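Here are some notes to read alongside the structure. Please keep the model open and find each residue as it comes up.

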Amino acid sequence: MKTGLIFDMDGTLWDSSKNVAASWTEKVRQLGYDRPPITQEDIMKVMGLTMDRLADIIFSDLPKDERMKLLELCGEYENDFLRQYGGVLYPELEETLARLRESYSLYIVSNCQKGYIEAFLEHYGFWKYFDDIECYGNNLLEKSDNIALLAQRNHLDRAFYIGDIQGDYDATTKAGLPFIHAAYGFGTIQQEVPELQAFRDLPELLKNL
């Protein structure tokens, strides 16, 4: 039986909000906009949303076309920035991924732009741990569709999705998979689900599921 673990990115594997805010502020300044700096708190409020919804919130005062173009430019700059500087990994992340890799196939599905997951994997040299990735930026599909798509194309007999916000739970349920809450992340879950208090605890938690 092939069992997969499908991970969310932000609030589950790392916190990139500080460097995302810095990269967006820098790009907006380069483009000549007279706007207040984009803060880490601004980014944390929209983590987990699809990129179009993120733009609607962060750049709500701009016309739709301009908003989406600015989003694209900021996203490209962000990817390069994160590829160089990374973010904040949760404690013992790599050691735990190495342990999990011994028993499970590992994957990532995120609502991010194209290239964001790749920047994470390249900065830390983590490609060796993951078999496949998918994101909103590749195909404009909802997270539930991408979770189901990834599970199907990798022929998973069983899979868990690990995420930190209510939207992750909702997407996982819609995709028909069981959910594990990364309770150390950015959000809470209304439903009663298995809770992960620290990423390093995941191998032990899985033994009971």
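**Notes on the predicted model**

1. Start with H181, which is found in strand β7, residues 179-182. The model is a predicted one. Is H181 buried or exposed? Its relative accessibility is 2%, and buried means under 20%, so H181 counts as buried.

2. What does H181 touch, leaving aside residues up to four places away in sequence? The contacts of H181 are G163, D164, G187, T188, I189, V193, P194, E195 and L196. With D164 there is also a polar approach: a polar atom of the H181 side chain lies 3.1 Å from the backbone oxygen of D164.

3. The rest of strand β7 can be read by the direction of its side chains. F179 and H181 point one way, while I180 and A182 point the other way. All four of these residues are buried.

4. Strand β7 has β6 (residues 158-163) as a parallel neighbour, and three bridges join them. One residue in this pairing has come up before: G163 has H181 as its bridge partner in β7.

5. Now place these strands in the sheet. The sheet is open and has six strands, in the order β5-β4-β1-β6-β7-β8, with parallel pairing. Which strands stand at the edges? They are β5 (132-135) and β8 (195-196); each has a single partner strand, so one side of each has no neighbour in the sheet.

6. Two helices should be checked against this sheet. Helix α6 packs on the sheet and touches β4 (105-110) and β5, and the direction of α6 makes about 145° with that of β5. Helix α8 (residues 143-153) lies across β1 (3-7), β4, β5 and β6, and runs at about 155° to β5.

7. Next comes the nonpolar interior. The largest nonpolar core has 51 residues, and the members that touch the most others are F7, W24 and F130. Helix α6 (residues 116-124) gives this core its largest share, five residues. Another core lies apart from it, with 16 residues, including A151, A159, Y161 and L177.

8. F130 deserves its own point. Not counting residues up to four places away in sequence, F130 touches F7, L13, L97, R101, L106, Y107, I108 and L121.

9. Aromatic rings are worth a separate look. A pair of rings is described by how far apart the centres are and by the angle between the planes. The model has 13 aromatic pairs. For F7 and F130 the ring centres are 6.4 Å apart and the planes stand at 85°; an angle over 60 degrees counts as edge-to-face, so this pair is edge-to-face. The pair links distant parts of the chain, since F7 is in strand β1 and F130 is in the loop between α6 and β5, 123 residues apart. Both F7 and F130 are buried.

10. A second edge-to-face pair is W14 with Y124, at 6.2 Å centre to centre and 80° between the planes. It too links distant parts of the chain: W14 belongs to strand β2 (residues 14-15) and Y124 to helix α6, 110 residues apart. W14 is buried, with a relative accessible area of 0%, whereas Y124 has 22% relative accessibility and counts as partly exposed.

11. Finally, which residues do ring pairs link into a cluster with W14 and Y124? The other members are Y116, F120, F126 and Y129.

Note on methods
Residues are numbered from 1 along each chain as its sequence is written. This is a predicted model: local features need pLDDT of at least 70, side-chain atom pairs count only at pLDDT 80 or more; totals for chains, interfaces and linings use all residues. Side-chain values use heavy atoms; hydrogens and water are left out. A nonpolar core is a set of buried Ala, Val, Leu, Ile, Met, Phe, Trp, Tyr and Cys residues joined through side-chain atoms within 4.5 Å. Buried means under 20% relative accessible area, exposed over 50%, partly exposed in between (1.4 Å probe, protein chains only). Helices (H or I, at least four residues) and strands (E, at least two) are DSSP runs, numbered from the N terminus. Contact means heavy atoms within 4.5 Å. A polar contact is a pair of N or O atoms within 3.5 Å; within protein, one must be able to donate a hydrogen and the other to accept it, and residues adjacent in sequence count only if both atoms are side-chain atoms. Two strands pair if DSSP finds at least two bridges between them. Axes are lines fitted to C-alpha atoms, for helices over the stretch in contact, and angles run from 0 to 180 degrees between N-to-C directions. Rings of Phe, Tyr and Trp (its six-membered ring) pair if their centres lie within 6.5 Å; planes under 30 degrees apart count as stacked, over 60 as edge-to-face and the rest as tilted.
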